[in-house]
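Work through the exercises below with the sequence and the model open beside you. Try each task before you read its solution.

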Amino acid sequence: MSKIYQPKRLRTRRNLPHWQAPDGIYTIIFRLKGSLPKAIIERLRDERAFHKKSLLKRGLSKEETAVKLRKMQRLYYGKFDTLLDNTSTGPHFLKVPQIAQIVADAIMHFDGKRYQVIDYCIMSNHVHLTFCQLTKELGDILGSIKKFSSRQINLLQDCVGRQVWMQESYDHLIRDWDDLAFYHTYNINNPVSAGIVMHWTDYPFTYANPDYEEYYLSHLP
C-alpha cells in the first residue's frame, strides 16, 4: 500500500467546503441514474437540514449535540437507503449477476493499491462501499470505479454512451469503531433487511474484508 494520501484540495458538498481526512474511513452509497426522483431526494435533504437546525438551537452541550447529530446521521442514512431498497421505479439492472460482478471487479481492482476495501454490498440499484487508506482524492477514486464499470456495463447491454451512475454520491466519514460497527453491520445486512436472503453470507455480492474477521465476529449478529 502506498503512503496515505494527504489531501491537497477542498471538496464541496452543497456549497459547503470541507477537507478529505488523510487517514479517514469512508462509507459511501452510489446509485444508478434515475434510481430516485429528484423531488424525493430534495425533500429528504430539506427534512434533514430542518432537523439539524432545530437540534443546534436546543442549547445542548457539545457532547450531547455530537451524540444527537450522530443519531440523526444514522437515521437519514437509513431513510435514504430504505427509499432505494423499496422503490419499484427506475433502473434495477445491478441485480443481473454479470453486471453486479462488473461493479465488484471495479471496486476490488485497486484494493490494496489505491485504498483498502472494508466492505461492499451491491444491491439492485445502488452500492454500499466502505474503505480506508485512500491514496487519492475520494472523488477521483469513486469516479474511476464508476467510469470503468459504466463502460463495461454499457458494452454488455449495448448502450454505449449511456450515463449509468448518478454523479453525486452519499459519503460519510467514519468517526470511531462504534461508528464503523454500525455502518459495516448495516451495509452487509442490507440484503437481509430487504428480505432477499436470511443471512448476509448468503448474498453473492456482499463482501467483508477477512482481515477484519475478528472484529466482525465480536460486533455482528
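**Exercise 1: two loop residues**

Glutamine 133 is partly exposed, with a relative accessible area of 29%. This is a predicted model, in which local features need pLDDT of at least 70 and side-chain atom pairs count only at pLDDT 80 or more, while totals for chains, interfaces and linings use all residues. Residues are numbered from 1 along each chain as its sequence is written, and side-chain values use heavy atoms, with hydrogens and water left out.

Task: state where glutamine 133 lies and what is notable about its phi, then do likewise for aspartate 158.

Solution. Begin with the class of glutamine 133: it is partly exposed because its 29% falls between the limits, buried being under 20% relative accessible area and exposed over 50% (1.4 Å probe, protein chains only). Next, place glutamine 133 in the loop between β5 and α4 (138–157), where helices (H or I, at least four residues) and strands (E, at least two) are DSSP runs numbered from the N terminus. Its phi is positive, about 55 degrees, although the residue is not a glycine. Most residues other than glycine have a negative phi. Aspartate 158, in the loop between α4 and β6, also has a positive phi, near 55 degrees, and it counts as exposed at 67% relative accessibility.

**Exercise 2: a buried histidine**

Task: find the element that holds histidine 126, decide whether this residue is buried or exposed, and list its contacts beyond four places in sequence.

Solution. Histidine 126 is found in strand β5, and its relative accessible area of 0% makes it buried. Leaving aside neighbours within four places, histidine 126 is in contact (heavy atoms within 4.5 Å) with Ile29, Phe30, Arg31, Asp81, Leu84, Asp85, Leu94, Cys121 and Asn190. One of these partners, isoleucine 29, is 97 residues away in sequence, yet the two C-alpha atoms are 6.8 Å apart in space.

**Exercise 3: helix α2**

Task: compare the reach of α2 with its expected span, and name the elements that cover its buried residues.

Solution. The helix has 25 residues and reaches 36 Å from its first C-alpha to its last, which is close to the 36 Å expected at 1.5 Å a residue; the expected span is 1.5 Å times one less than the number of residues. Its buried residues include Thr65, Met72, Tyr76, Phe80, Asp81 and Leu84. Among the elements that cover the buried residues are β3 (25–31), α1 (38–56), β5 (126–132) and β6 (170–174).

**Exercise 4: the second largest pocket**

Task: describe the lining of the second largest pocket, and say which helix gives the most to it.

Solution. On a 1 Å grid over the protein atoms alone, a pocket is an open set of points where a 1.4 Å probe fits, with protein on both sides within 12 Å along at least five of seven lines, and lining residues have an atom within 4 Å of a point. The second largest pocket has 14 lining residues, of which Asp85, Asn86, Met123, Ala194 and Ile196 lie nearest its centre. Helix α2 (residues 62–86) gives the most to this lining, with four residues.

**Exercise 5: the whole chain**

Task: count the helices and strands of the protein chain, and give the share of its residues that is buried.

Solution. The chain has seven helices and seven strands, in the order β-β-β-α-α-α-β-β-α-β-α-α-β-α along the sequence. Of its 221 residues, 44% count as buried.
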